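Trainee: Could you go through this model with me and show me how each label is earned?

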Amino acid sequence: MKHLHSTLAIILLLALVVAIVITLINYFGSKPYNRKIALLGLISAHLQLVIGLVLYFTSPLGLEAFSGANMKNSLSRLYFLEHPLMMILAIVLITIGYSKAKRAKEDYQANKTVMIFYILGLILVLSRIPWSTWSILA
Ligand code: HEM
Ligand code: HEM
């Protein structure tokens, strides 16, 4: 599960960057909205949410570590509180962006919506990845 979550993290980061770049190009080039590419980011995000939730209830770093004492430890707090909370918020933003874009009447509106919500989501994701302990980088 941990390995899957780690691999999906890379796929999600790539999917978000690709979706943002293509949507930016379409927005500034006044081209049609590419729903498929935004959908790729959305699906990666939802899959990661499900795997993350499973990890949260099974890993010793997740809910099990939730305590006042661990609150004082910044790495431990990142895992049991900040990482899950921020990632869920990021995925909510990405989902809102995708849904709003789906209902947009004009292509430029859809492009703008995905651009803004996906960039905000990506920033939140980047801000709370456990960079210092990520097994792929270590
Ligand atoms: C805890 C689990 C999940 C929650 C709470 C969740 C929630 C949502 C929500 C709120 C939407 C927005 C619907 C809309 O306004 O269009 C959505 C859409 C979607 N979800 Fe999930 N989801 C979850 C898991 C998954 C999984 C595991 C997948 C598949 C890999 C998935 C694939 C999709 C797709 C493809 C759409 C958009 C379909 C479309 O409108 O084109 N979701 N989900
Ligand atoms: C945007 C989505 C997410 C990304 C990009 C992401 C990324 C990561 C990464 C890179 C790690 C480190 C893995 C390693 O050291 O090999 C990790 C660990 C973890 N993540 Fe996430 N995550 C996301 C969402 C979530 C969510 C929604 C939850 C829970 C609700 C969650 C719970 C956890 C837990 C509990 C760990 C620690 C697992 C362990 O080492 O035992 N993640 N995540």
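Mentor: Sure, we'll take the overall build, then the two ligands and the pocket. Keep in mind that this is a predicted model.

Trainee: How many helices and strands are there in the protein?

Mentor: There are 5 helices and 0 strands. Along the sequence that reads as α-α-α-α-α. The C-alpha trace spans about 55 × 25 × 20 Å along its principal axes.

Trainee: What makes His46 a donor to the iron atom of ligand 1?

Mentor: Check the distance against the cut-off. A donor has to be an N, O or S atom within 2.8 Å of a metal like this one. ND1 of His46 is 2.1 Å away from the iron, so His46 passes the 2.8 Å test. His46 is the single donor from the protein, and His46 is found in helix α2, residues 35-58. Water is not among the atoms, so a site may look incomplete.

Trainee: Which side chains make polar contacts with ligand 1, and how do you know that they count?

Mentor: Two N or O atoms need to be within 3.5 Å of each other. An oxygen atom of ligand 1 is 2.8 Å from an N or O atom in the side chain of Tyr98. For the side chain of Lys102, an oxygen atom of the ligand is 2.5 Å away. A nitrogen atom of ligand 1 is also 2.9 Å from an N or O atom of the His46 side chain. Those pairs are within 3.5 Å, so they count as polar contacts.

Trainee: Which element supplies the largest share of the shell around ligand 1?

Mentor: That's α2, with 8 residues. Both α2 and α4 supply at least two residues each. Among the residues around this ligand are Arg35, Leu39, Thr95 and Ser99. By class, the shell has 7 nonpolar, 3 polar and 2 charged residues.

Trainee: Now ligand 2. How many residues surround it, and which are the closest?

Mentor: There are 23 residues around ligand 2, and the closest are Lys2, His5, Ser59, His83 and Ser135.

Trainee: What makes the approach of Ser135 to ligand 2 a polar contact?

Mentor: Same cut-off again: an N or O pair within 3.5 Å. An oxygen atom of ligand 2 is 2.3 Å from an N or O atom in the Ser135 side chain, so that pair qualifies. His5 qualifies too, because a nitrogen atom of the ligand is 2.7 Å from an N or O atom in its side chain. For the side chain of His83 the distance from a ligand nitrogen is 2.8 Å, so that is another polar contact.

Trainee: Why is ligand 2 said to sit in the largest pocket?

Mentor: A molecule sits in a pocket if more than half of its atoms lie within 2 Å of the pocket's grid points. Ligand 2 is listed as sitting in the largest pocket, so more than half of its atoms meet that limit. The elements giving two or more residues to its shell are α1 (2-28), α2 and α4 (74-103).

Trainee: How much space lies in that pocket, and what lines it?

Mentor: About 780 Å³ of space. There are 30 lining residues, and the closest to the centre are His5, Gly52, Leu55, Tyr79 and His83. α4 gives the most to this lining, with 9 residues, whereas α2 gives the most to the shell around ligand 2, with 6 residues.

Trainee: How do the lining residues split by class?

Mentor: The lining has 20 nonpolar, 9 polar and 1 charged residues.

Definitions and conventions: Residues are numbered from 1 along each chain as its sequence is written. Chains are lettered from A and ligands numbered from 1 in the order in which they are written. This is a predicted model: local features need pLDDT of at least 70, side-chain atom pairs count only at pLDDT 80 or more; totals for chains, interfaces and linings use all residues. Side-chain values use heavy atoms; hydrogens and water are left out. Donors are N, O and S atoms within 2.8 Å of the metal (3.2 Å for Na, K and Ca); water is not among the atoms, so sites may look incomplete. Helices (H or I, at least four residues) and strands (E, at least two) are DSSP runs, numbered from the N terminus. A residue is near a molecule or strand if one of its heavy atoms lies within 4 Å of it. A polar contact is a pair of N or O atoms within 3.5 Å; within protein, one must be able to donate a hydrogen and the other to accept it, and residues adjacent in sequence count only if both atoms are side-chain atoms. On a 1 Å grid over the protein atoms alone, a cavity is a set of points where a 1.4 Å probe fits but cannot get out, and a pocket is an open set with protein on both sides within 12 Å along at least five of seven lines; lining residues have an atom within 4 Å of a point. Ala, Val, Leu, Ile, Met, Phe, Trp, Tyr, Cys and Pro count as nonpolar, Asp, Glu, Lys and Arg as charged, and the others, Gly among them, as polar. Grid points are joined across faces, edges and corners, and a volume is the space filled by probe spheres set on the points.
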